[in-house]
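Reader: I am new to this structure and would like to go through it by question and answer. Please show it before we start.

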Amino acid sequence: MSWKSTERLMQTIKHYSGFPATGVSLRQMVQFGERPSTGTLFRASQFLSEELPIRLAHRVQELGDLPDGLNEMPSIKKVRDWYSQSFEDITTLPRPNLDPEIKERLLRPMKQNGRESKILSQTTHNPSVKEGQYRSQQANGNGSSGTSKSPARRYYASVEDEGDWPPELNAYNKKFAKTLEGIKRRHDGVVTTVAQGINEYKRKRQRMQINNDIQSFLDRFYMSRIGIRMLIGQHIALTDQRSHNEPNYVGIICTKTNVRELAQEAIDNARFVCEDHYGMFDAPKVQLVCKPDLHFMYVPGHLSHMLFETLKNSLRAVVETHGPEKEEFPVTKVIVAEGKEDITIKISDEGGGIPRSVIPLVWTYMYTTVDTTPDLDPDFNKSDFKAPMAGFGYGLPISRLYARYFGGDLKLISMEGYGTDVYLHLNRLSSSSEPLQ
Ligand SMILES: Nc1ncnc2c1ncn2[C@@H]1O[C@H](COP(=O)(O)OP(=O)(O)OP(=O)(O)O)[C@@H](O)[C@H]1O
Ligand SMILES: [Mg+2]
């Protein structure tokens, strides 16, 4: 049976979409997750049961308001329904009836050494966000949000954990995490389904390229998706008690992400995909220059994604410029620099470069120089999915969003006729707020 939205649900969604999202920082997520007990997890569920519907509601509204008939494309409508349905799943989940005493305890801040513990550190400005570009608030531990009128909700409030919690709390936490798991799965195919929607639109409207409005819609939309999935992924991992045994991990954040190990793994994977794709025995070599013990707080999955995508691009450029039959290729270099503010990774290839006039296009979705785009498979994000060498035109723009999400950036400088340098800046201060709208 297919799901149907109702007039009433759409009204609730409209109401929620009037509230701004609350941006959280990497540091806050880690501070929150350090000791998640039943009470603290319940507080987190409460935060998410407001924050996620707000973020989902913004997307439902925006998908519905897309210009030029794009909102009418079947795949866009399908995605909009997924967002509405997930909104409904969360907002209709019954909350436990709690004694006043328990409610009061949940609000009591945790005491450390007889003092009230300092709650969350403040989020700072995200350097990749221009003034006024996003409407999000910053989730600050003290519950005030500076100049904004409505008070920011708190992402984090550690709860005093002496004594037992009633079983309803634990049951609710479990149920909430299960609901989030279902939502996460439902949205697995969003990127490809939206891409399909854009294709439907291009075909119907006879458009060759997407305009700036659609480009910035996609940037906002996918950025928001990264944020939603981060919050969901983090919450599921924290609820899963087994994950507490992993040293250095808080949810899906690794407080000691080893850059060299991850980079080497990405290099091996990209070379493997390259060999497979071109039927080569030995893919072009990649040299890695990185201190072996360099580590920082990050989400390893995000870093792997960005490295894998940029490396595939470089290897493809090298192979196609020099021809797959070539005996020896110029070596691609991956250089990792450690600064106080940023860890910067430069990927330098001699793959012939990109003409200057084309540079702006590489950041647009669906721009690719691959002739036949591989099939848009809705199971794109499933774990058994075999990564293609290239062809969607999503590699660079999505990687840049991942970089910006935690206050970093991705830049590309090219010498046409020689090669390309990609700079991946990763902000190691990790206090900057998510860029959300
Ligand atoms: N290092 C590079 N050297 C030369 N051209 C590049 C390089 N990186 C990217 N490009 C150009 O930019 C285009 C867009 O890159 P992007 O990674 O976004 O998409 P793609 O590689 O075509 O497909 P996919 O989404 O599968 O990655 C590529 O098709 C290629 O023409
Ligand atoms: Mg690519």
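Author: The questions below go from the whole chain to its parts.

Reader: How many helices and strands are there in the protein chain?
Author: The model is a predicted one. Of its 437 residues in the protein chain, 41% are buried. Among contacts with a separation of 6 or more, 80% are between residues 24 or more positions apart. The count for the chain is 12 helices and 12 strands.

Reader: What should helix α4 span, at 1.5 Å a residue?
Author: Helix α4 runs over residues 74-91, which is 18 residues. The expected span is 1.5 Å times one less than the number of residues. The end C-alpha atoms of α4 are 26 Å apart, which agrees with the expected span of 26 Å.

Reader: Which helices do the buried residues of α4 pack against?
Author: A residue counts as buried if 20 or more other C-beta atoms lie within 10 Å of its own. In α4 the buried residues include I76, V79, W82, Y83 and F87. Their partners in packing are α1 (7-16), α3 (38-64), α6 (167-186) and α7 (190-205).

Reader: Which strands stand at the edges of the open sheet β5-β6-β8?
Author: This sheet has 3 strands in antiparallel pairing. A strand with a single partner has one side left without a neighbour in the sheet, so it stands at an edge; those strands are β5 (249-250) and β8 (295-298).

Reader: What angle does the direction of helix α9 make with that of β6?
Author: Strand β6 (residues 253-258) is joined to β8 by 3 bridges, and T257 has F296 in β8 as its bridge partner. Helix α9 (residues 259-278) packs on this sheet and touches β6 and β8. Its direction makes an angle with that of β6 of about 80°.

Reader: How many residues lie between β9 and β10 in their hairpin?
Author: Strand β9 (residues 332-338) runs parallel to β7 (residues 286-289), joined by 4 bridges, with L288 opposite V334. To β10 (residues 342-349), β9 runs antiparallel, with 6 bridges; E338 pairs there with I343. The number of residues between β9 and β10 in the hairpin is 3.

Reader: Which helix supplies the largest share of the shell around ligand 1?
Author: The shell has 21 residues, the closest being N313, A317, T368, A390 and G395. By class, 10 are nonpolar, 9 polar and 2 charged. Helices α10 (300-322) and α12 (395-405) each supply at least two residues. The largest share, 4 residues, comes from α10.

Note on methods. Residues are numbered from 1 along each chain as its sequence is written. Chains are lettered from A and ligands numbered from 1 in the order in which they are written. This is a predicted model: local features need pLDDT of at least 70, side-chain atom pairs count only at pLDDT 80 or more; totals for chains, interfaces and linings use all residues. A residue is buried if 20 or more other C-beta atoms lie within 10 Å of its own, exposed if 12 or fewer, and partly exposed in between; C-beta atoms are placed from the backbone. Two residues are in contact if their C-beta atoms, placed from the backbone, lie within 7 Å. Two strands pair if DSSP finds at least two bridges between them. A residue is near a molecule or strand if its C-beta atom, placed from the backbone, lies within 6 Å of it. Ala, Val, Leu, Ile, Met, Phe, Trp, Tyr, Cys and Pro count as nonpolar, Asp, Glu, Lys and Arg as charged, and the others, Gly among them, as polar. Axes are lines fitted to C-alpha atoms, for helices over the stretch in contact, and angles run from 0 to 180 degrees between N-to-C directions.
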